[in-house]
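The following exercises invite the reader to work through selected features of one structure. Each task is followed by a solution in steps.

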Amino acid sequence: MKQQFFKLYLIITVSLIALVLAFGQLYNEFFSKHVPSVQISVAELTQIAEQKDSRISSLSISEIALPDSLLNTFNQDGIISVTEHNQQFIYLKGSNGSIQKVGPINLISHAKTDWFAFFAFYFLLGVMILLFIRPVFRDLSLLQRAAYRFSKKPQRIELDIKPNSSIAPLANTFTDMSERINKFVQLHSDLSRIISHEIRTPLSRMRFALSIAELDSLESSQIERDIDEIELRLEQYLSFARLEHQQSVFNQEKVNLTKLINTEIAKFDLYKELKFIPTLGVDAAFCETSFMAIAVQNLLINATKYAKNTIYISTEEKAGNYLISVTDDGPGLPINADALIEPFKQGEGDKLASGYGLGLYIVHRIASWHGGKIGLANNLETGGAQISISWPKNGM
């Protein structure tokens with residue numbers, strides 16, 4: 001903001017100085033009446049008054065030998081200054097046509113410029129401009145810092161801006177907006193907790209009833225997997241709500257990436273028909289542990305929906321970035337693959353699509369918070385989708 005302030009200050013100051021100078025020139029050119037004059041010192045004038053007969057003489061027009069240009073000027077203005085033999089003379093034309101020659105005298109060729117007054121004027125002009133725009137930029141700086149704090153933690157913002165400030169309406173609008181957004185975030189948080197409580201409780205009862213029910217192993221396994229999927233969807237939604245509003249603290253640190261990924265893979269042991277093959281080339285990485293675990297979990301959930309037999313998980317360091325890739329042997333990405341990272345979007349013509357389309361959006365958000373990105377491609381060897389996230393090794 002300081003850079004923008006000084007830039008605008010210089011632009012306005014230079015523009016006004018140029019405008020004043022240009023106006024002065026235009027005024028002298030078109031509005032100021034030109035009156036021919038010469039300047040002599042007080043001492044010269046005193047001497048002429050005391051010795052008027054010695055240095056003032058009358059002439060006729062025929063006695064003056066002047067070039068045509070000077071003669072025309074003399075006839076028009078009635079006065080000219082001429083230098084003869086290194087001495088200066090003035091010729092004056094009277095109203096009756098008489099001509100007076102005054103000299104020799106010492107003319108003051110140029111008026112002395114008062115540089116102090118010149119610089120003082122423009123200095124005061126610059127100070128006035130500063131006093132005018134400084135309060136505006138001070139208030140804008142307050143608004144900018146408040147907006148940054150709001151982006152980190154949504155809450156009602158009170159700005160110390162006077163009612164007569166130029167940006168007071170904008171500040172009031174921002175305060176009202178922050179209050180409304182804060183209420184919406186609080187409502188969203190309350191709704192998440194309600195959903196968590198109201199759905200997890202009946203799911204726990206269903207698990208208990210399943211444990212004592214007399215069902216064959218196939219039916220029991222299917223119901224168990226359905227309950228697990230409901231809990232995964234619920235956890236996915238709660239993760240989305242928590243991460244989108246950043247209610248958790250985002251702190252990156254060095255973590256054991258191999259252990260983190262193996263822990264997430266172990267959560268899918270119930271998928272006996274799928275084979276998970278990890279190729280982990282990075283032991284430790286700089287990231288936020290809980291968020292990265294959620295990202296890996298969502299990549300694996302997405303792969304389990306489409307894989308036929310095998311899911312490949314790999315980590316590597318590439319071009320100064322960490323890279324986690326999850327590849328399946330399913331049908332590959334849909335036509336509108338880029339839309340998958342948008343919330344509540346699914347692939348066109350995807351018969352296996354389920355849920356609310358939040359999985360890859362959550363992965364995309366987590367990658368962006370790490371300063372990285374998500375990659376979507378089809379793997380040439382397996383024919384399935386290969387989804388990866390990469391982020392800088394040195395953190396954000």
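**Exercise 1: A pair of helices**

In this predicted model, helix α9 (residues 289–306) packs against helix α10 (residues 359–369), at an angle of about 150° and with the axes 9 Å apart. Determine the handedness of the crossing of α9 and α10, and state which residues meet.

*Solution.*
Step 1. The crossing in which α9 passes α10 is left-handed.
Step 2. From α9, the residues in contact are F291, M292, I294, A295, N298, L299 and N302. Their counterparts in α10 are G359, L360, I362, V363, I366 and W369.
Step 3. Sorted by character, the residues of this contact between α9 and α10 comprise 10 nonpolar, 3 polar and no charged.

**Exercise 2: An enclosed space**

Establish how many cavities of 30 Å³ or more there are, and identify the residues that line the largest cavity.

*Solution.*
Step 1. The count, with the threshold set at 30 Å³ or more, gives 1 cavity.
Step 2. The space in the largest cavity amounts to about 40 Å³.
Step 3. Its lining consists of L299, N302, A303, V326, D328, A385, Q386 and I387. Two or more of the lining residues come from each of α9, β9 (321–328) and β11 (385–392).
Step 4. By character, the lining of the largest cavity divides into 5 nonpolar residues, 2 polar and 1 charged.
Step 5. A link to the first exercise follows: L299 and N302 belong to this lining, and L299 and N302 of α9 also take part in the contact with α10.

**Exercise 3: A hairpin**

Describe the pairing of strand β10 (residues 373–378) with β11, and find the bridge partner of A377 in β11.

*Solution.*
Step 1. β10 and β11 run in the antiparallel sense and are paired over 6 bridges.
Step 2. A377 has Q386 of β11 as its bridge partner. Q386 is also one of the residues lining the largest cavity.
Step 3. Between the two strands of this hairpin lie 6 residues. In the hairpin, G383 adopts a positive phi near 80°.

**Exercise 4: An open sheet**

Give the strand order of the open sheet of 4 strands, and explain why one side of β1 and of β2 is left without a neighbour.

*Solution.*
Step 1. The order is β1-β4-β3-β2, with antiparallel pairing.
Step 2. β1 (56–59) and β2 (79–84) are at the edges and have a single partner strand each, so one side of each lacks a neighbour in the sheet.
Step 3. From one strand to the next, the twist averages 25°.
Step 4. The pairing of β1 with strand β4 (residues 99–105) is antiparallel and extends over 4 bridges. Here L59 stands opposite I99 of β4.

Conventions. Residues numbered from 1 in each chain as written. Predicted model: local features only at pLDDT ≥ 70, side-chain atom pairs only at ≥ 80, totals over all residues. Heavy atoms only, no water. Axes fitted to C-alpha atoms, helices over the stretch in contact; angles between N-to-C directions. Left-handed = near helix turned anticlockwise from the far one by under 90°. Contact = heavy atoms within 4.5 Å. Nonpolar A, V, L, I, M, F, W, Y, C, P; charged D, E, K, R; others polar. 1 Å grid on protein atoms, 1.4 Å probe; cavity = no way out; pocket = protein on both sides within 12 Å on 5 of 7 lines; lining within 4 Å. Points joined across faces, edges and corners; volume = space filled by probe spheres on them. Pairing = 2+ DSSP bridges.
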